[in-house]
Amino acid sequence: MSDPAKVRRHAERVRELVASVVRSQIKDPRLGMITITDARITADLRDATVFYTVLGDAVAQADTAAALESAKGLLRSTVGKALGLRHSPTLTFVLDDVQDQVKHIDDLLAAARNADAEVQRLAARAEYAGDAQPYRVEDEDEDDETGEEADVAADATETPRGGAAR
C-alpha cells in the first residue's frame, strides 16, 4: 500500500499530464471542448480514473469519448514516463456530469420554492376552523357573582358578637 499523500500527489499529477497532452498533442477532430476536472488513482497506483466534461450536446460528448478512447495508449505512455512508476497506470475516462446534476438540483429547488410560495399564499387567507379561542374560558362576571354570594352566605352564619352560630 502507498502513502495516501503520495496517492493524492500522483492523482493530481495524472490530471495535469492528461490535460496537458489533450491540449497539446492530441489532434483528433472528434475531440470537443474538453476540461479534465479530476483524476483518482488506486492505492496500488495501477488504475487511474480521469473525469472530464465536454461543452456541447450528446453527440459532442460521444465523439469526445471516442477520441479519448483512441488516444488512451498515448496518454498512458506519457503518464507512465512522467510519473516514473514501474507500471504505468491504466486510464479510464468517465464523463463528469456535474452540470446535469446541478441543473437537476436547481430545478428541484425552484419547485420547492414555488411550493413554499403557494403554501404562504394559502396561509395568508386562512381562517380558524372553529372559534379563535378553542378553550373554554369562564367569564369574569360569573366569577364576581359566585364570589359575592359566598361572602353573603358566610356573613349570615355569624352572630353579631363575632361568635359562631349555634
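This passage walks through the fold, the nonpolar core and one helix of a predicted model.

Start with the overall layout. The chain's secondary structure adds up to five helices and three strands, and reading along the sequence gives the pattern α-β-β-α-α-β-α-α. Buried residues account for 21% of the 166 residues. As for the surface, the chain exposes about 12500 Å², with carbon and sulfur atoms supplying 51% of that area. Contacts lean towards the long-range end: taking pairs at least 6 apart in sequence, 61% join residues at least 24 apart.

Next comes the core. The largest nonpolar core holds 27 residues, and the members touching the most others are V14, V18, V22, V50, L68, L75 and F93. Two or more residues each come from α1 (4-24), β1 (33-41), β2 (47-55), α2 (58-70), α3 (72-83) and β3 (90-95). The top contributor is α1, with seven residues. L68 shows how these pieces meet: leaving out residues up to four places away in sequence, L68 touches V22, L31, I34, Y52, L75 and F93.

Then there is α3, a helix of 12 residues that reaches 16 Å from its first C-alpha to its last, close to the 16 Å expected at 1.5 Å a residue. Its buried residues are L75, V79, G80 and L83. These cover an arc of only 130 degrees around the axis, so they sit on the same side of α3. The buried residues of α3 pack against α1, α2 and β3. Right after the helix comes G84, with a positive phi near 70 degrees.

Terms used: Residues numbered from 1 in each chain as written. Predicted model: local features only at pLDDT ≥ 70, side-chain atom pairs only at ≥ 80, totals over all residues. Heavy atoms only, no water. Core = buried A, V, L, I, M, F, W, Y, C linked by side-chain atoms within 4.5 Å. Buried < 20%, exposed > 50% of the residue type's maximum accessible area, 1.4 Å probe, protein only. Helix = DSSP H or I, 4+ residues; strand = E, 2+ residues; numbered from the N terminus. Contact = heavy atoms within 4.5 Å. Areas by Shrake-Rupley, 256 points an atom, 1.4 Å probe, with all protein chains shown as cover. Expected span 1.5 Å × (residues − 1). Arc of directions from axis to C-beta.
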